Amino acid sequence: MCIRDRYQRRVRGRFFAMLQLPERIVFVVDLGEEPGEPGKWAADLNAVKQTIITYMHVKLNASPQHSFALCSLTQTAIWLQDFTSNPNVIANSLTNLLFGQGTIPRCDLGSVFDTIAQHGRLDESVPPSSITRALLIYARSDVIPEPVVDETCAWGVLKKHPGFVFDALFLHARANQSPKCQDVFNDLTSLVQQFPRPPHPGCPRNQYFLEVVRTNERRFYEKVCLLLAHSGQRDDQFNFTSSLEETPPTSE
């Protein structure tokens, strides 16, 4: 057997081993409402809901073992739908998510982790047999979330759990319209996890913190595509590559 064949078999084996860990994805949808720009497309709540539906179908095409749950976020988080692999169940729950509360001046992110710890039924086996991923879609440009204190919420435990990962997508207004955008993003990116070193095979080893101006349609879908990557397989977000396999070593 040549070096290239041995390399490709090793890559395929590692790839399929990773696929054995299903993802349990909790969509945390912020219901904070902000005015759009007249005549421009915007990643508003309707666009977010439709994107989540498409996201689920793509993930299930990759593996039918993935499952999804749904939370809403106003001042605190509310668990709306338990885990299911039926995208129609989540789609029906999404229809109940509506604007109408106007500006929500307060956001308790710690409640997100408390809610997931209470309802998420995380896999406590070592190594885990599944990954629970919280995917926050935050949409308030001028509302800095309240500090998350490890000692007073479940984040202190979840951030060390080998089978849990927290990702965030921040949809915001232009910086010249909302000067607090950077402070909000800094707050989100402060929620850094402590992954085991080395990580368990197929388990998360990095987080994704992404941001986009809500009127930039192309960039919005580009960021969502990055979040489609399996959290146990993906590279660091700054080194993300679309290559399916590495260049094989050359024989000497």
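Which backbone oxygen does the side chain of N206 reach? In this predicted model, the side chain of N206 reaches the backbone oxygen of D235, at a distance of 3.4 Å. A second interaction of N206 is a polar contact of 3.1 Å between its side chain and the side chain of R234. N206 belongs to the loop between α6 (181-189) and β6 (209-213). With a relative accessibility of 9%, N206 counts as buried, because the limit for that class is under 20%. Leaving aside residues up to four places away in sequence, N206 touches V165, F195, R234, D235 and D236.

## Overall architecture

The chain has 252 residues, of which 51% are buried. Its secondary structure comprises 7 helices and 6 strands, and these elements follow one another along the sequence in the pattern α-β-α-β-β-α-α-β-α-β-α-β-α. Among contacts with a separation of 6 or more, 82% are between residues 24 or more positions apart. The accessible surface of the chain amounts to about 12,700 Å², and carbon and sulfur atoms contribute 52% of that area.

## The sheet

An open sheet is formed by 6 strands in the order β3-β2-β1-β4-β5-β6, with mixed pairing. The edge positions are taken by β3 (77-84) and β6; each has a single partner strand, so one side of each is left without a neighbour in the sheet. From one strand to the next, the twist averages 15 degrees.

Strands β1 and β4 run parallel and are joined by 7 bridges. V29 has I137 in β4 as its bridge partner. Helix α7 packs on the sheet, where it touches β4, β5 (164-172) and β6; the direction of α7 makes about 165 degrees with that of β6.

## Salt bridges

Side chains of opposite charge can pair when their charged atoms come close. The number of salt bridges in the model is 12. Three of these pairs are set out below.

| Pair | Closest N to O distance | Location |
|---|---|---|
| R133 and E23 | 3.0 Å | strands β4 (residues 131-138) and β1 (residues 23-30) |
| R218 and E222 | 3.4 Å | helix α7 (residues 217-228) |
| E222 and R219 | 2.7 Å | helix α7 |

The salt bridge between R133 and E23 links distant parts of the chain, its two residues being 110 residues apart. Both R133 and E23 are buried.

The other two tabulated pairs lie within helix α7 and have E222 as a partner. R218 and E222 are 4 residues apart in that helix, which means a separation of about one helical turn. E222 and R219 are 3 residues apart, again about one turn of the helix.

How exposed are the residues of these helical pairs? R218 is exposed, with a relative accessible area of 59%; the value exceeds the threshold of over 50% and therefore places R218 in that class. E222 is partly exposed at 32% relative accessible area, and R219 is likewise partly exposed, at 28%.

Elsewhere, salt bridges that share partners join E23, K59, R133, D167 and R234 into one network. R234, a member of this network, is also the residue whose side chain makes the polar contact with the side chain of N206.

Definitions and conventions
Residues numbered from 1 in each chain as written. Predicted model: local features only at pLDDT ≥ 70, side-chain atom pairs only at ≥ 80, totals over all residues. Heavy atoms only, no water. Salt bridge = Lys/Arg side-chain N within 4 Å of Asp/Glu carboxyl O. Buried < 20%, exposed > 50% of the residue type's maximum accessible area, 1.4 Å probe, protein only. Contact = heavy atoms within 4.5 Å. Areas by Shrake-Rupley, 256 points an atom, 1.4 Å probe, with all protein chains shown as cover. Polar contact = N/O pair within 3.5 Å; in protein donor to acceptor, adjacent residues only side chain to side chain. Pairing = 2+ DSSP bridges. Axes fitted to C-alpha atoms, helices over the stretch in contact; angles between N-to-C directions.
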